[in-house]
Amino acid sequence: MSGAPRPRGVLARWEAVLPLTPRTPRITLGEGDTPLVRSAAIERELGLDELWFKLESCNPTGSFKDRGMVVAAARAIERGAESLLCASTGNTSASAAAYAARCGLRAGILVPRGRVAAGKLAQAAAFGARIVEIEGGFDDALRLARELAANRPVALVNSVNPDRIEGQKTAAFEICEELGDAPDALAIPVGNAGNVTAYWKGFRECAELDRASRHPRMLGFQAAGAAPIVRGAPVAEPRTVATAIRIGNPASWRGATDARDESGGAIEAVSDEEILDAWRLLARAEGLFVEPASAAGVAGLRKLAREGGLRGGRVVAVLTGSGLKDPETAREHCAPDMAAAPATLEGVERALGL
Ligand code: AN7
């Protein structure tokens with residue numbers, strides 16, 4: 001066998017449905033094309049015909065943000081930008097920092113002080129981003145980033161940037177391609193609401209382009225302590241163990257409610273306990289280690305199933321980020337099954353219970 005390797009990355013693969021020009025640099029870190037893996041256990045618990053997990057944790061920086069960031073960074077370069085700016089609960093900043101490093105741009109990131117999971121900050125530091133810890137929450141950081149970007153020569157790469165949404169919609173294209181059609185429902189965590197907006201745009205376009213015969217019901221889930229869309233009003237002091245979605249005033253609020261209403265779906269809240277239960281179950285029963293926010297979608301499906309609100313069929317749950325992002329929460333909420341032993345066969349046998 002010979003020939004050129006298959007082109008990799010979101011820009012190469014989805015050029016036809018993205019806002020690229022011949023001058024857009026075709027950068028990539030190998031993002032996209034993430035695995036769709038069938039559930040081994042939770043599918044049965046929920047009484048679904050099929051449950052699939054979209055492993056967005058397999059993107060180069062460990063979260064779905066890379067799909068949108070590659071488009072936002074490429075378009076920023078095309079427009080002559082020299083630095084990227086974002087506010088972030090952690091994953092957006094890790095992704096922005098990575099693409100900035102790759103492309104020789106500066107990255108400035110605004111993060112809520114003391115509320116970003118350790119793995120995400122370690123990534124931003126490794127990539128050489130300028131990290132500014134704001135004494136406030138994500139919503140304060142985003143407000144400041146938007147004000148800065150309005151009159152400074154920096155490219156704002158939060159999901160208020162439409163290029164981010166364009167890139168992230170490609171996950172819906174991948175799902176329709178792999179399953180041969182859109183699923184009956186999509187379960188997804190909701191924070192700033194960019195991703196649910198992007199998937200819905202992607203699924204609508206798939207139907208328009210005859211890549212799917214129908215739309216899925218969009219099922220979005222917020223953490224109960226940070227559930228402004230469910231409550232119908234901003235939350236001043238959002239709180240949840242799922243720091244990625246600790247957001248009180250989502251920028252894409254309208255995108256989320258449109259997705260819900262146009263698809264006949266729902267946006268509901270799940271408690272931290274429900275999130276941690278689903279997170280443990282994903283690890284123990286499926287072998288999938290995700291960060292807490294990523295378990296919100298599965299927690300939501302379990303809640304709907306309990307309440308009789310799940311109609312069966314084929315469902316896809318988006319697992320948005322890797323468990324390695326947040327080792328502290330993992331340690332805190334999962335006691336290791338651990339023993340010490342002397343360096344002897346006998347000692348180890350006893351410790352293993354053999
Ligand atoms: C793992 O990084 O908002 O509803 O600043 O990291 O599109 O915000 C992250 C959000 C879900 C919610 N899962 O997505 C940020 C940030 C994970 C996340 C979400 C986020 P959106």
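## Exercises on a ligand shell and a sheet

The shell around the ligand divides into eight nonpolar, twelve polar and two charged residues. The model is predicted.

**Exercise 1.** Find which residues are closest to the ligand, and which helices supply residues of its shell.

*Solution.*
- Step 1. Count the shell: 22 residues surround the ligand.
- Step 2. Pick out the closest: Asn91, Thr92, Asn192, Ala193 and Thr320.
- Step 3. Turn to the helices. Helix H4 (91-103) supplies at least two residues of the shell, and so does helix H9 (194-208).

**Exercise 2.** Describe the polar contacts of Ser88, Asn91 and Asn192 with the ligand. Then say how much of the ligand the protein buries.

*Solution.* A polar contact is a pair of N or O atoms within 3.5 Å.
- Step 1. Take Ser88: a polar side-chain atom lies 3.0 Å from an oxygen atom of the ligand.
- Step 2. Take Asn91: here a polar side-chain atom lies 2.7 Å from a ligand oxygen atom.
- Step 3. Take Asn192: a backbone N or O atom lies 2.7 Å from an oxygen atom of the ligand.
- Step 4. Taken alone, the ligand exposes 470 Å², and the protein buries 99% of that.
- Step 5. Locate the ligand: it sits in the largest cavity.

**Exercise 3.** Work out the strand order of the open sheet, and find the bridge partner of Leu84 in S4.

*Solution.*
- Step 1. Four strands form the sheet, in the order S5-S4-S3-S6, with parallel pairing.
- Step 2. Strand S5 (130-134) and strand S6 (155-156) are the edges; each pairs on one side only.
- Step 3. Strand S3 (residues 83-87) pairs with strand S4 (residues 106-112) over five bridges.
- Step 4. In S4, Ala107 is the bridge partner of Leu84.

How values were computed:
Residues numbered from 1 in each chain as written. Predicted model: local features only at pLDDT ≥ 70, side-chain atom pairs only at ≥ 80, totals over all residues. Heavy atoms only, no water. Near = heavy atom within 4 Å. Polar contact = N/O pair within 3.5 Å; in protein donor to acceptor, adjacent residues only side chain to side chain. Areas by Shrake-Rupley, 256 points an atom, 1.4 Å probe, with all protein chains shown as cover. 1 Å grid on protein atoms, 1.4 Å probe; cavity = no way out; pocket = protein on both sides within 12 Å on 5 of 7 lines; lining within 4 Å. Sits in = over half its atoms within 2 Å of the grid points. Nonpolar A, V, L, I, M, F, W, Y, C, P; charged D, E, K, R; others polar. Pairing = 2+ DSSP bridges.
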